[in-house]
Amino acid sequence: KIIILDFGSQTTQLIGRRVRELDTFCEILPYNKFPKDDPSVIGVILSGSPYSVHDPEAFKVDLSQFIGKIPVLGICYGAQFISYSNGGKVEQAGTREYGRANLETINLDNPLFNGFEKGSQVWMSHGDTITAIPSDYDIIASTGDVKFAAFVSTKQPVWAVQFHPEVYHTLQGKQLLKNFVVDICGSKQEWSAASFVESAVQEIREQVGNDRVILGLSGGVDSSVCAVLLNKAIGKNLTCIFVDHGMLRKNEFSKVMDAYKGLGLNVIGVDASEKFFKDLEGVSDPEQKRKIIGRDFVEVFNAEAKKITDAKWLAQGTIYPDRIESLSITGMVIKSHHNVGGLPKEMHLQLCEPLRWLFKDEVRRVGHQLKMPERLIKRHPFPGPGLAVRILGDITREKVRILQDADDIYIEKMHGYMMPDGTSLYDHIWQAGTVLLSTIRSVGVMGDERTYEHPVALRAVTSMDAMTADWAHLPYDFMADVSNEIIRKVKGVNRVCYDISSKPPSTIEWE
Ligand code: XMP
């Protein structure tokens, strides 16, 4: 595997994705957590960082742990740190170097640049600049402004690039990472859904043995794939619990329960909506709502789990991006997600998270491998707190009903709208949902009557992993159809808007 040491850059996850796209297993670890004595590590990538190497709080790492032992690639701060630690010089640049540049001189004989073209476009984003490299290093690429755009050790397998190969704007970035990961480090590119299922089943069996495992299902892809995988591994020793907090999409609870039963899962369905609505009464602060739902969820789940007296393990469909957001070394909480860390402590359950290394698209590949129904695999992500974070202000059953009806029209029409490639519009979108702007009312006219009701906002985004997202360019005829139908059919809504904000700076959910 490849280890990516994270120095806090926003693009560290992207490096991980790119390596995974090469069917190569990788782990992103905090900069100071390099695993010593792990023979499966075939290479190291050092990420960028928000810090300058001269900052007192800059993250520093002992390079001798891996330099000279396995191939190393430093990116941006990683490159600066390699230079700085080996007698090179890093200084503050007059201005931040940001944006596109071209590798005007490039050593095409270096294996890192195999397949490159002279002038290849790269993306720069750095405040400091390298003004001298260590004496035993050679320059292998320069741009008009950056002399030391890439350099290599003459003695050891160490490469350093000032630009960011992981971002889209570095046009041959994928090629560079392939050169490093496959040609230089020798990855055999063996990751596949089939091999994953095989090794995960093995691992689960070894981990839990004959113990009973409980698992919380949410109706989403991750927990469902996790359940089917565990079912394959341990069969009847798995008990699943699916809590209905009353804020799922329209008819979701019964539809999903049926799907689970069809998959042969042993599922207990719990309707706890009464409790959630009662505890949420009058609460309109977004974080407060999330906290209450998180707390109630744990309570309901625990009460149910406790009935399964011989359970030793709690399985969760936690995937890699969930962990990265909560493992983040800069540690900023934007929204408190409720699916991570809500463990029933007093039950002393051990944690089983077989999908913990996977990205969403990999989870879907595993779902296909397990022959799960398409509709379940392709389901858009849905937040744990459900429609509660899509209703501005306080929550009532009536508001949830209005939103469910509007959302159902939107999503069903999205399933039915065919694209030129023969797949549905739904399949082209990462995530879509409807938001009830229930703190706002506006005037409309229906027949001869004046209305004074709420607007809904439609949201649809494209994304790779929800870390960043663009609003989707939905076809106008589709939007017109959805808007007509919602206003005509959903009592309580008299206006439909489309949310044209990307993440960042906006988030996908409104709360
Ligand atoms: P934001 O709104 O932060 O959402 O851009 C990113 C992704 O996370 C989903 N989301 C959640 N998922 N529990 C979850 O399991 C939560 O509490 C939660 N909040 C947001 C959101 O739907 C999007 O896919």
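Helix α1 (residues 12–21) lies across four strands, namely β1, β2, β3 and β4 (72–75), and runs at about 160° to β2. That angle is between N-to-C directions, on a scale from 0 to 180 degrees, with axes fitted as lines to C-alpha atoms, for helices over the stretch in contact. Contact here means that the C-beta atoms of two residues, placed from the backbone, lie within 7 Å. The helix and strand labels are DSSP runs numbered from the N terminus: H or I of at least four residues for helices, E of at least two for strands. This is a predicted model, where local features need pLDDT of at least 70 and side-chain atom pairs count only at pLDDT 80 or more, while totals for chains, interfaces and linings use all residues. Residues are numbered from 1 along each chain as its sequence is written.

Now for the sheet under that helix label. It is an open sheet of eight strands with mixed pairing, and the order is β2-β1-β3-β4-β10-β9-β8-β6. Two strands pair if DSSP finds at least two bridges between them. At the edges you'll find β2 (26–30) and β6 (105–106), each of which pairs on one side only. As a reminder, strands of a sheet pair through backbone hydrogen bonds, either parallel or antiparallel.

Let's walk through some of the pairs. β1 (residues 2–6) and β3 (residues 43–46) run parallel and are joined by four bridges, with Ile-2 partnered by Gly-43 of β3. Next along, β3 pairs with β4 in the parallel sense over three bridges, and there Val-44 has Val-72 as its bridge partner in β4. On to β10 (residues 158–161): β4 pairs with this strand over four bridges, again in the parallel sense, and Gly-74 stands opposite Ala-160 of β10.

Where do the residues of β4 point? Val-72 and Gly-74 go one way, Leu-73 and Ile-75 go the other way, and all are buried. A residue counts as buried if 20 or more other C-beta atoms lie within 10 Å of its own, as exposed if 12 or fewer do, and as partly exposed in between, with C-beta atoms placed from the backbone. Cys-76 sits in the loop between β4 and α2 (77–85). Cys-76 has a positive phi of about 55° although it is not a glycine, and this residue counts as buried because it has 25 C-beta neighbours inside 10 Å.

Zooming out, the domain assignment gives domain 1 (2–184), domain 2 (193–377) and domain 3 (396–498); such bounds come from an automatic or database assignment. The C-alpha centres of domain 2 and domain 3 lie 28 Å apart. Their contact takes eight residues from domain 2 and nine residues from domain 3. On the domain 2 side, the residues touching domain 3 are four nonpolar, one polar and three charged. In that count, Ala, Val, Leu, Ile, Met, Phe, Trp, Tyr, Cys and Pro are nonpolar, Asp, Glu, Lys and Arg are charged, and the others, Gly among them, are polar.

There is also an open sheet of five strands, ordered β13-β12-β11-β14-β15, with parallel pairing. β13 (267–271) and β15 (350–352) stand at its edges with a single partner strand each, so one side of each has no neighbour in the sheet. On average, neighbouring strands of this sheet are turned by 30° against each other, direction ignored. Five bridges join β12 to β13, and the two run parallel; Cys-240 has Val-267 of β13 as its bridge partner. Asn-251 lies in the loop between β12 (238–244) and α6 (252–262). Its phi is near 60°, a positive value in a residue other than glycine. Is Asn-251 buried or exposed? Asn-251 is exposed, because just 10 other C-beta atoms lie within 10 Å.Next, the annotated stretch. An unreviewed UniProt entry lists Ser-218, Gly-219, Gly-220, Val-221, Asp-222, Ser-223 and Ser-224 under "binding site". UniProt positions are given in the numbering used here, feature names are shortened, and annotations may be inferred rather than shown by experiment. Asp-222 is in helix α5 (residues 221–234), and Ser-223 has its place in α5 too. Asp-222 is buried, with 22 other C-beta atoms within 10 Å; Ser-223 is buried, with 22 such atoms within 10 Å. Leaving aside neighbours within four places in sequence, Asp-222 is in contact with Gly-317, Ile-319, Leu-355 and Val-363. With that exclusion applied to Ser-223, its contacts are Leu-215, Gly-216, Leu-217, Ser-218 and Gly-317.

Finally, look at the segment after β20 (493–498), where Pro-504 lies. The peptide bond from Lys-503 to Pro-504 is cis, with omega near -15°. A cis peptide bond also joins Pro-504 and Pro-505, with omega about 5°.
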